[in-house]
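Hi,

Here is the structure I said I would pass on. Have a look at it first, and then read on for what turned up.

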Amino acid sequence: MASSSSNKSCLYCKDSSSDCFSNGWKLRNGEFAQLCNRCSHLYNTGRFCVTFHSKENGWRNCNSCGKFVHCGCIMSLGEYSLSDFHGVICTDCSRTECISPESESLIPLFEKVLTASDTGTQLGRFIIPKEHAEDHFPEVNDPQGIPMSVLDTAGNEWDLSFRYWIHVNSKMYVLKGLRNFIILNNLQAGDTVAFYARESDRKFVMDVRKSG
């Protein structure tokens with residue numbers, strides 16, 4: 001979403017002459033970096049790090065096509081995913097390996113409309129409604145939780161923790177370890193996360209649907 005340039009400057013290049021500013025990457029405080037027209041265009045077209053960080057460390061070759069990607073940089077989190085074997089795969093190549101609810105045999109489990117509490121990057125967790133947690137997720141009896149591996153539709157695998165705490169004599173369930181997933185997908189309150197089970201192996205899969 002673009003905003004007025006009144007009394008603003010670009011978070012990255014500090015330019016204050018743009019006629020409007022646009023959201024970039026998600027910051028640790030939950031807000032979005034405000035970028036000038038040039039920086040916003042570079043960020044949205046995947047050329048931000050190539051333009052500004054070409055001499056920094058962290059560049060890796062895509063395992064598939066050899067393209068350079070800037071790993072570990074918050075500005076490029078959406079430009080690559082981890083390979084199933086080693087190394088990284090750029091976004092263009094990973095699209096050929098993605099999981100689609102339309103093309104894969106995915107069994108719909110439930111959907112959750114995210115709240116502001118779900119999208120905070122400090123906690124990095126989703127609160128899972130009790131009825132869905134107990135109907136679809138593994139049984140958990142230890143408050144410390146159990147490890148839970150979940151795929152997303154870009155082919156990334158997320159090592160999470162499924163746990164609970166007692167609230168008013170009832171269990172409240174949470175799925176933890178989602179900070180990077182929240183940042184990668186720029187999740188905000190009102191967005192929807194759908195959970196599926198892959199029919200072939202019952203692996204859990206998450207899909208994101210942006211609000212609006």
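Which residues lie nearest the centre of the largest pocket? They are Leu-77, Gly-78, Glu-79, Thr-91 and Leu-184, and the lining as a whole takes in 35 residues. Before you go further, please keep in mind that this is a predicted model.

**The pocket**

The space in the largest pocket comes to about 780 Å³. Several elements each give two or more residues to its lining: on the helix side these are H1 (37–44), H3 (91–94) and H5 (179–184), and on the strand side S2 (20–26), S5 (68–70), S6 (80–82) and S14 (204–209). If you sort the lining by residue type, you get 16 nonpolar residues, twelve polar ones and seven charged ones. Two of those strands, S2 and S14, will come up again below.

**Salt bridges**

The whole structure has four salt bridges, and I'll take you through some of them.

Start with Arg-209 and Glu-111, whose side chains meet at 3.0 Å, N to O. Arg-209 sits in strand S14 and Glu-111 in strand S8 (residues 106–113), so this one links distant parts of the chain, 98 residues apart. As for exposure, Arg-209 has a relative accessible area of 43%, which makes it partly exposed. Glu-111 is partly exposed too, at 44%.

Next is Lys-112 with Asp-118, where the closest N and O atoms are 3.2 Å apart. Are these two buried or exposed? Lys-112 is buried, with a relative accessible area of 11%, and Asp-118 is also buried, at 1%.

Then there is Lys-203, which meets Glu-157 in a salt bridge at 2.7 Å, N to O. Lys-203 lies in the loop between strand S13 (192–198) and S14, while Glu-157 belongs to strand S11 (residues 157–167), so the bridge ties together parts that are 46 residues apart in sequence. Lys-203 counts as partly exposed at 22% relative accessibility, and Glu-157 is partly exposed at 44%.

**Strands S9, S11 and S12**

Strand S12 (residues 170–176) has strand S9 (residues 125–128) as an antiparallel partner, with four bridges joining the two. One place to look is Phe-126, whose bridge partner in S12 is Leu-175.

S12 also pairs with S11, again in the antiparallel sense, over seven bridges. Here His-167 stands opposite Ser-170 in S12. S11 and S12 form a hairpin, with two residues between them.

What is the phi of Val-168, in the turn of that hairpin? It is positive, about 50°, although Val-168 is not a glycine. That caught my eye, since most residues other than glycine have a negative phi. Asn-169, in the loop between S11 and S12, has a positive phi as well, about 60°, and is not a glycine either. Both residues are exposed: Val-168 has 66% relative accessibility and Asn-169 has 80%.

**Aromatic residues**

The count of aromatic pairs comes to 14. Take Trp-25 and Phe-48: their ring centres are 5.3 Å apart and their planes stand at 75°, so the pair is edge-to-face. Trp-25 is in strand S2 and Phe-48 in helix H2 (residues 48–52), so that distant parts of the chain, 23 residues apart, are linked here. Both rings belong to buried residues, with a relative accessible area of 4% for Trp-25 and 1% for Phe-48.

There is a cluster to look at as well. Phe-110, Phe-137, Phe-162, Tyr-164, Tyr-173, Phe-195 and Phe-204 form one aromatic cluster.

**Where to look first**

If you only have a few minutes, I'd suggest three stops:

- The largest pocket, starting from Leu-77, Gly-78, Glu-79, Thr-91 and Leu-184, which lie nearest its centre.
- The salt bridge of Lys-112 and Asp-118, with Lys-112 buried at 11% and Asp-118 buried at 1%.
- The loop between S11 and S12, where you will find Val-168 and Asn-169.

Happy to go through any of this with you.

Best wishes

Key: Residues numbered from 1 in each chain as written. Predicted model: local features only at pLDDT ≥ 70, side-chain atom pairs only at ≥ 80, totals over all residues. Heavy atoms only, no water. 1 Å grid on protein atoms, 1.4 Å probe; cavity = no way out; pocket = protein on both sides within 12 Å on 5 of 7 lines; lining within 4 Å. Points joined across faces, edges and corners; volume = space filled by probe spheres on them. Nonpolar A, V, L, I, M, F, W, Y, C, P; charged D, E, K, R; others polar. Buried < 20%, exposed > 50% of the residue type's maximum accessible area, 1.4 Å probe, protein only. Pairing = 2+ DSSP bridges. Phe/Tyr/Trp six-rings, centres within 6.5 Å; stacked < 30°, edge-to-face > 60°.
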